[in-house]
Amino acid sequence: MDYRVSNISLAEEGKIKIDWAEVHMPVLSALREKYGKTRPLEGIRVGGCLHVTKETGVLIRTLKTAGAEISWCGCNPLSTQDDVAASLVKDESVSVFASRGVATTQYYEDIHSVMRFEPNITVDDGADLIVEMHKNINKIKSIIRGGTEETTTGVIRLRAMQKLAKLMYPIIAVNDAETKHDFDNIYGTGQSALDGIIRATNILFSGKNVIVAGYGHVGKGIAKNASGMGANVIITEVDPIAALKAKLDGYSVARMTRAATIGDVFITTTGCKDVIAEEHFTQMKDGAILANAGHFNVEVSIQALEHQSLSKKKINKDVVQYDLQNHNRVYLIGEGRLVNLAAAEGHPSEVMDMSFANQFLSVLRLVKYGSNMKPIVYDIEKSQDQEIAMAKLEAMGIEIDKLTDQQNRYLEGFSEGT
Ligand SMILES: NC(=O)c1ccc[n+]([C@@H]2O[C@H](COP(=O)([O-])OP(=O)(O)OC[C@H]3O[C@@H](n4cnc5c(N)ncnc54)[C@H](O)[C@@H]3O)[C@@H](O)[C@H]2O)c1
């Protein structure tokens with residue numbers, strides 16, 4: 001079996017971590033038990049390009065128990081947990097190509113190693129694997145049945161491909177499930193992004209001016225958590241509705257040019273590029289901290305930061321100090337990559353339970369129906385969302401009410417008024 005991990009002897013630690021995550025992922029565990037009996041993925045090759053974390057380890061175990069053969073690589077140069085990667089190779093016989101801290105060339109070589117495995121289904125986070133697959137689409141057209149996409153930025157890229165008629169196989173937008181983006185993006189990133197900043201810097205959030213760029217799902221979660229810790233949160237936005245929601249949720253809203261002058265900590269969450277750019281760095285206070293929670297490392301313009309700096313030095317494994325021409329210092333965490341994965345462990349297992357239950361059920365749907373699906377981006381079916389939410393509630397020991405027949409008739413009718 002072909003693989004590339006940094007240190008296979010870390011497997012035991014990785015296995016303990018995956019076991020820990022499994023305990024906190026009851027929905028996925030129930031699916032593993034159910035489909036481990038019928039093995040609907042027997043003979044199916046799944047190629048994944050998604051953060052190699054302990055939670056992904058549980059997804060991989062589930063796919064494997066359902067019969068799949070698997071090859072996997074990371075979807076971010078800084079997010080791989082090396083011990084988990086080692087365990088997936090040693091204990092699960094999965095062909096993993098991933099290590100933490102890879103250069104861009106190695107990152108793409110790993111993606112190509114997964115492509116050489118000729119997957120029938122791709123599982124992506126950010127769409128790098130899908131985009132690479134499309135560069136050689138004629139070669140794999142007869143093999144591929146479909147793919148899934150985990151994150152907002154990936155879905156945006158794939159919808160752009162669809163619009164230009166460049167998408168060649170069906171994709172299920174896992175991110176767009178309510179049981180994904182309303183939980184993973186909000187509560188998951190909301191907590192883990194701050195965890196990353198705290199692990200990297202040990203700063204006190206209370207009393208800080210925290211600038212959150214973007215008030216979408218991720219931004220809302222981060223703003224709420226930072227505010228809960230006593231920070232003064234200021235939102236920057238480009239969408240008037242999102243900006244208004246932020247204001248009415250109790251935050252200040254300002255343009256980045258103004259926010260840049262008062263921020264102690266900056267966290268970008270937009271999926272857009274150059275949100276913090278040259279003109280902002282020059283306005284920042286001495287000691288400002290910069291972090292990004294959006295998918296790619298383009299939100300804080302590193303090129304502009306380098307251009308404004310006289311020198312830089314690493315002050316710990318996750319933080320680089322930039323000495324600006326105006327003699328102020330700013331600190332960048334995790335090279336401007338996803339701070340929750342670069343400087344912490346990514347989302348808590350409890351939310352990934354639902355995200356990855358969506359991934360698993362979407363893979364099953366593609367195996368069953370992929371050959372009859374069009375090369376477009378599909379939404380998760382409402383019934384799948386409901387099934388996952390119900391399973392999660394049950395696992396939490398929570399019961400909810402059920403509509404009576406009379407209530408159903410009332411909600412579907414129009415005749416009963418004042
Ligand atoms: N760190 C993680 O683990 C993690 C988890 C989920 C999503 N993501 C990524 O986070 C990013 C945001 O995801 P989301 O689900 O919150 O998206 P979203 O679409 O819900 O929110 C993005 C918000 O940013 C705003 N925005 C866009 N450009 C802006 C700009 N230049 N300045 C200020 N605001 C701007 C938009 O108006 C929108 O309100 C994506 O890149 C997504 O892939 C990361």
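Start by selecting serine 95, which sits in strand S3, the stretch covering residues 95-97. Keep in mind as you look around that this is a predicted model. Serine 95 has a relative accessible area of 9%, so it counts as buried, the cut-off being under 20%.

Now show what surrounds serine 95. Setting aside neighbours within four places in sequence, its contacts are Met1, Asp2, Ile70, Ser71 and Trp72. Zoom in on aspartate 2: its backbone oxygen is 2.5 Å from a polar atom of the serine 95 side chain.

Next, move along to residues 349-369 and colour them as helix H16. This helix has 21 residues, and from its first C-alpha to its last it reaches 29 Å, close to the 30 Å expected at 1.5 Å a residue. Turn on a surface for the other residues here: 18 of the 21 residues of H16 are buried, so the helix is largely enclosed by the rest of the structure.

Keep H16 in view and add helix H17, residues 382-395. How do the two helices meet? Their axes come within 10 Å and cross at roughly 140°, and the crossing is right-handed.

To see the contact itself, show side chains on both helices. From H16, select Glu350, Asp353, Met354, Ala357, Asn358, Leu361 and Ser362. From H17, select Gln384, Asp385, Glu387, Ile388 and Lys392. Colour this set by residue type as a last step: the contact residues divide into four nonpolar, three polar and five charged.

Technical notes. Residues numbered from 1 in each chain as written. Predicted model: local features only at pLDDT ≥ 70, side-chain atom pairs only at ≥ 80, totals over all residues. Heavy atoms only, no water. Helix = DSSP H or I, 4+ residues; strand = E, 2+ residues; numbered from the N terminus. Expected span 1.5 Å × (residues − 1). Buried < 20%, exposed > 50% of the residue type's maximum accessible area, 1.4 Å probe, protein only. Axes fitted to C-alpha atoms, helices over the stretch in contact; angles between N-to-C directions. Left-handed = near helix turned anticlockwise from the far one by under 90°. Contact = heavy atoms within 4.5 Å. Nonpolar A, V, L, I, M, F, W, Y, C, P; charged D, E, K, R; others polar. Polar contact = N/O pair within 3.5 Å; in protein donor to acceptor, adjacent residues only side chain to side chain.
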